[in-house]
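Let's take a walk through this structure together, with the sequence at hand and the model open in your viewer.

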Amino acid sequence: MSTVTTTTSVHAPSVGTGHTRVEGRDKVTGAARYAAEVPFAGLAHGWLVLSTIARGRISALDTEPVLAMPGVLAVLDHRNAPHLNTDYAGLLGKPDPTCAVFQHDRVPHLGWPVALVVAETSEQAREAAEALVVHYEQQPHDVELTSDHPGSHPLDGHMPAVTEKGDLDARLASSTFVVDAEYTTPEEHHNPMEPHAATARWDDGRLEVTDSNQGVTWVAGELQNLFSLDPASVRVRSEHVGGGFGSKGVRAHQVAAVMAATVLRRPVRVALTRRQMFTLAGHRSPTIQRVRLGADADGRLRALEHRSVSRTSSFHEFVEPSTGAARVMYDADAHHTANHVVPLDVPTPTWMRAPGEAPGSFALEAAFDELAEKCGIDPIELRLRNEPETGPVSGLPFAGRNLAACFREGARRFGWADRDSRPGVRREGRWLLGTGTAAAAFPAGAAPSTATATAHPDGTFTIRISAADIGTGARTALALIAADALQVAPERIRMRIGDSDFGPAMIAGGSMGTRSWSWAVKAAAGELRERLALGAGIPAQGLTVRSDTTEAVQALGPAERHSFGAQFAEVAVDVTTGEVRVRRMLGIFAAGRIVNPLTARNQLLGGMVWGISMALHEEAARDLASGGVVGADLAGYHVATHADVPRIEADWIEDTDPDDPVGIKGLGEIGVVGAAAAVANAVWHATGVRHRSLPIRPDRVLTAAAGAPDA
């Protein structure tokens, strides 16, 4: 045995200082392999065949000619696929039947998986899949979301569907100023840089899946349940992930790969094309939101109603709770919120960055801007006057609410005091100029996780945790936290993540990943340091300590825990062409202790860029006749590009969570919240015309300008 000195004479803290990604060199040199790049001996390739109708049944599949094509090994469909168990509740509830592929002949939407063709090469698999003839019995379909759809009903998700307090009608009737408006947001899609891909193989009776996902223990658990396997017989690895945004959970391609590997007893890879991702990777539902606000003569809210209608699939209920933002941001004597869904013949929506808060904040913060105009009060001042002392719905105390500080610092840096509040008065050549602002909030939760810390005789340390770095820099942040807990330089830390064999841990989602993992890493590393300080020897295989934060997380007292932010935008609008340009943006956030300023700023900037995209570009148009997305690719689905992104600044104020051992909250999603509203409010300030539907396309600007009194 040997001993290791864990401390130097003076340990310089790593947390709070900027560090480049520990895996950065591997990524830029190509050494880091993503899910579709990991080599396997004897690898076969599967290609999914998707339905060409939006509703009906499969009457026949002409598989014999396909099986005779070069390289084709198998065709799996509902007639010969392994049976799956779907009668269970996983980490996020009942599984979406989309992932339970080939279990029946029903087709509930366009692009439903109807078969998997497996061949020696991906080219052979694709050619054979495109040659497969599928016969259908087609039925009428409905994909149109309307606010008065007869199928609309309230749906609980991760929060109650409906909350109500006070007499809404009475408070609205007695209010001096009232806003009553409808806001809409379109269908949106994730489109991470790395498409979805998975490889499955059996090794000595154990299923191994190499995947790109947001939680290996989550995916392993779902596969165990679906295939009725012993938990110890499933291993899922996902070392590098090129973006997820909520879409990389359990999907059809992983299940199909496991099916094929089980049938063929050889490794099988199934990768989705960009076009297939538009139907198989989930999406953000369009929303129709009604906001009613009532305020007294001083601008203090007396009534708040926020109702949202979104869609779900006809076979699985999912709700994105867009009114959740109102339950945190502002209080009123009468406070009503409701989330409704309409079942339609579309793929099931899913989690998407800032689920609920992104579309919900657009409607709420745009309505608040309208109220400020009616009250004749500065938009920031109106928000500060309506700061709640406790949770508007829960009544719980806030575990830190530094929104006012964000607004004050942001206003100072943005030059808000010099703003002329009158709309449509600033002009620069052909451009009308305007500025806008909006508030942001996102929950800061934590979930139980486990981690191990190992000291090696050579003076290095290995941290193992089933975390997922989906581009956030989590791997680097965890290394810094471990280094400080051990009081060593980060270079002595080796981070191992993305392997379900490391034990259960929180998924990368809900801005809870790094916070949850940090807790476990600090606990394991801290205990290891204590043991070494007491003179514990290090055997050749290393000295390992394991942590489990279940009891600590469950002991947290009830409170409203959130990150907050203030968004600012300046736009230029040409009402003769309809062009809208964002010139500059500023976001100031209160998101807990910042572990790594370099990657943290990247996260916030990325969210704000997404806000520009949401405000001006992103919109998946669904063809009512076919039931499918028009232009289901990155040519037809517009996103913000470099030319659309101006000078953007993201910064933060001092803010910690005293109940968190590291003091952090979460910032993966707060950057996109409120960003679209800030842009939309700036467009109003530039033109004097309100845009209540996103995106603010040139044709909408032209139409609005034609009807505006000052256009």
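In which kind of crossing, left-handed or right-handed, does α12 pass α13? Keep in mind that you are looking at a predicted model. The crossing of α12 past α13 is right-handed.

To describe this pair more fully, we need a little geometry. Two packed helices are described by the angle between their axes and by the distance between those axes. Here, helix α12 covers residues 474-486 and helix α13 covers residues 513-533, and their axes come within 8 Å, crossing at roughly 30 degrees. Angles under 35 degrees count as roughly parallel, so α12 and α13 are roughly parallel to each other.

Now zoom in on the side of α12 that meets α13. The α12 residues involved are Ala-474, Ala-477, Leu-478, Ile-481, Ala-482, Ala-485 and Leu-486. Across from them, α13 contributes Thr-514, Trp-517, Ser-518, Val-521, Lys-522, Ala-525, Gly-526, Leu-528 and Arg-529. Sorted by class, this contact has eleven nonpolar, three polar and two charged residues. The spacing of such lists is worth a thought: an α-helix has 3.6 residues a turn, so residues three or four places apart point the same way.

Next, move along to helix α15, residues 597-616. Its 20 residues reach 29 Å from the first C-alpha to the last, close to the 28 Å expected. Helix α15 is mostly covered, with 14 of its 20 residues buried.

Let's finish with one residue of α15, Ser-613. Buried means under 20% relative accessible area, so Ser-613, at 3%, counts as buried. Beyond its neighbours within four places in sequence, Ser-613 is in contact with Glu-618, His-638, Val-639 and Ala-640.

Methods
Residues numbered from 1 in each chain as written. Predicted model: local features only at pLDDT ≥ 70, side-chain atom pairs only at ≥ 80, totals over all residues. Heavy atoms only, no water. Axes fitted to C-alpha atoms, helices over the stretch in contact; angles between N-to-C directions. Helix = DSSP H or I, 4+ residues; strand = E, 2+ residues; numbered from the N terminus. Parallel < 35°, antiparallel > 145°, perpendicular 65-115°, else oblique. Left-handed = near helix turned anticlockwise from the far one by under 90°. Contact = heavy atoms within 4.5 Å. Nonpolar A, V, L, I, M, F, W, Y, C, P; charged D, E, K, R; others polar. Expected span 1.5 Å × (residues − 1). Buried < 20%, exposed > 50% of the residue type's maximum accessible area, 1.4 Å probe, protein only.
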